[in-house]
Amino acid sequence: MIQTKELREVLHFVFSLQFIRMALFWTLSLFILYFRLFIQRFPFSRKSSSFPRCPPANTSFRPICVITGATSGLGKAAAYALSKEGFYVVLGAHSISGRSSHLLSKTMIETKEKNIDAHLKGFQVDLSSFHSVLKFKNSLEQWLSDSNMHSSIQLLINNAGILATSCRLTSEGYDQMMATNYMGAFSLTKLLLPLLRSSPVPSRIVNVSSFTHLNEVDEDAIIGKCFSRPKQYPCAHIYEYSKLCLLLFSYELHRQLGRMHDSRHVSVIAVDPGAVETNIMREVPSCISHMAFMVLKLLFLLQSPEIGVSSILDAALAPPEISGLYFFGGKGRTVESSALSYNVKLAEKLWTTSCDLFLASEHAASLLSDHVS
């Protein structure tokens, strides 16, 4: 039975613009992408490519894959699937949760039970905190050194994400959802890029975006400091912004690596798994999230993590020369993302702003380290 307080919260959420945006626009965005896949079958359409999965390159060592948000949902499913492909999987557990240590151990045990040959290593990381991301990178490098492993990684999957329903600021003063979903992925990629570049075989970055990025956005609202001003926290808008930023970043990094003639060695792919039954909506009132999943299931749009991970695996295992594409719908298929996601000027603006924030955080971390020592 729903208590009075919980009922008020449910009604407040249901009659909000954010709920309407999520219920109508997000569902419409998902239909749009599936429609694009459908019309690609016809001769008059602009054909989009599909790509086969390729096994990891033959090396004298086991290739290493780093996955964030790996203790549940798509991240957990990807960790198991890629361990079956022969990767040494490094699981990044979201340390903002008090249960992260337990979930990390539980995930590793369950993965080993399903695949006795799995090679796994786990670290905790709070992607909304630059200090935590930097600590994760240092711990990873130390582990590679202590284990006498090649000082490189072959695959980075930026999968972690949250859908926050209330405004929370990080220690750096940024919106926590924006910091987790976008800035954390940006910082982690920048920090791990030397390890990806030092790989003796082609390496890859896979950024997990979302169909929600298709909704109209304000080009000036990129970083998220302004999102705490409205009376009601615009959770749907911020989630959309974060996923659009991840796409803009993916395409810009692809272009920059290409200009440095590095794109054939380090490729960048964005992926959209579609609607998947995960705990992403854990902050939404439970009766609403259950109803949402039920409706998506009736529309044949809802997937289990084991099915939804297909697009992520397609991107991760696509031929090494593939880069700068948007995978969606499984079976190695790609579609075009929103027109705004291909806006080069906006991507460059986002890149400059993100680099400035990254350098500021790096400088602050350096000062803190000097102060502690």
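**Surface patch, cores and salt bridges**

Leu17, Ile20, Leu24 and Phe25 come together as a nonpolar surface patch with a joint accessible area of about 410 Å². Patch members have over 30% relative accessible area and no salt bridge, with nonpolar side chains (Val, Leu, Ile, Met, Phe, Trp, Tyr) joined within 5 Å and like charges within 9 Å; areas come from the Shrake-Rupley method with a 1.4 Å probe, and for residues only the protein chains shown count as cover. The model is a predicted one, so local features need pLDDT of at least 70 and side-chain atom pairs pLDDT 80 or more, while totals for chains, interfaces and linings use all residues. Residues are numbered from 1 along each chain as its sequence is written, and side-chain values use heavy atoms, with hydrogens and water left out.

Within the patch, Leu24 sits in helix H2 (residues 17-39); helices (H or I, at least four residues) and strands (E, at least two) are DSSP runs numbered from the N terminus. Leu24 counts as exposed, at 54% relative accessibility; exposed means over 50%, buried under 20%, and partly exposed in between (1.4 Å probe, protein chains only).

Turning to the interior, the largest nonpolar core has 79 residues, and Leu140 and Met177 touch the most other members. Helix H7 (residues 235-259) is its top contributor, giving 14 residues. A separate second core of 33 residues includes Leu82, Phe87, Leu120 and Val208. A core here is a set of buried Ala, Val, Leu, Ile, Met, Phe, Trp, Tyr and Cys residues joined through side-chain atoms within 4.5 Å. Leaving out residues up to four places away in sequence, Leu140 touches Val66, Val90, Phe123, Ile153, Leu192 and Leu195 (contact: heavy atoms within 4.5 Å).

As for charged pairs, eight salt bridges turn up across the whole structure, each a side-chain nitrogen of Lys or Arg within 4 Å of a carboxyl oxygen of Asp or Glu. Arg21 and Glu240 make one of them, at 2.8 Å from N to O. This pair ties helix H2 to helix H7 across 219 residues of chain. Both ends are buried: Arg21 has a relative accessible area of 12%, and Glu240 has 0%.

Helix H7 also carries a bridge between Glu252 and Arg255, with the closest N and O atoms 3.0 Å apart. These two are three residues apart, about one turn of the helix. Glu252 is buried at 2%, whereas Arg255 is partly exposed at 22%.
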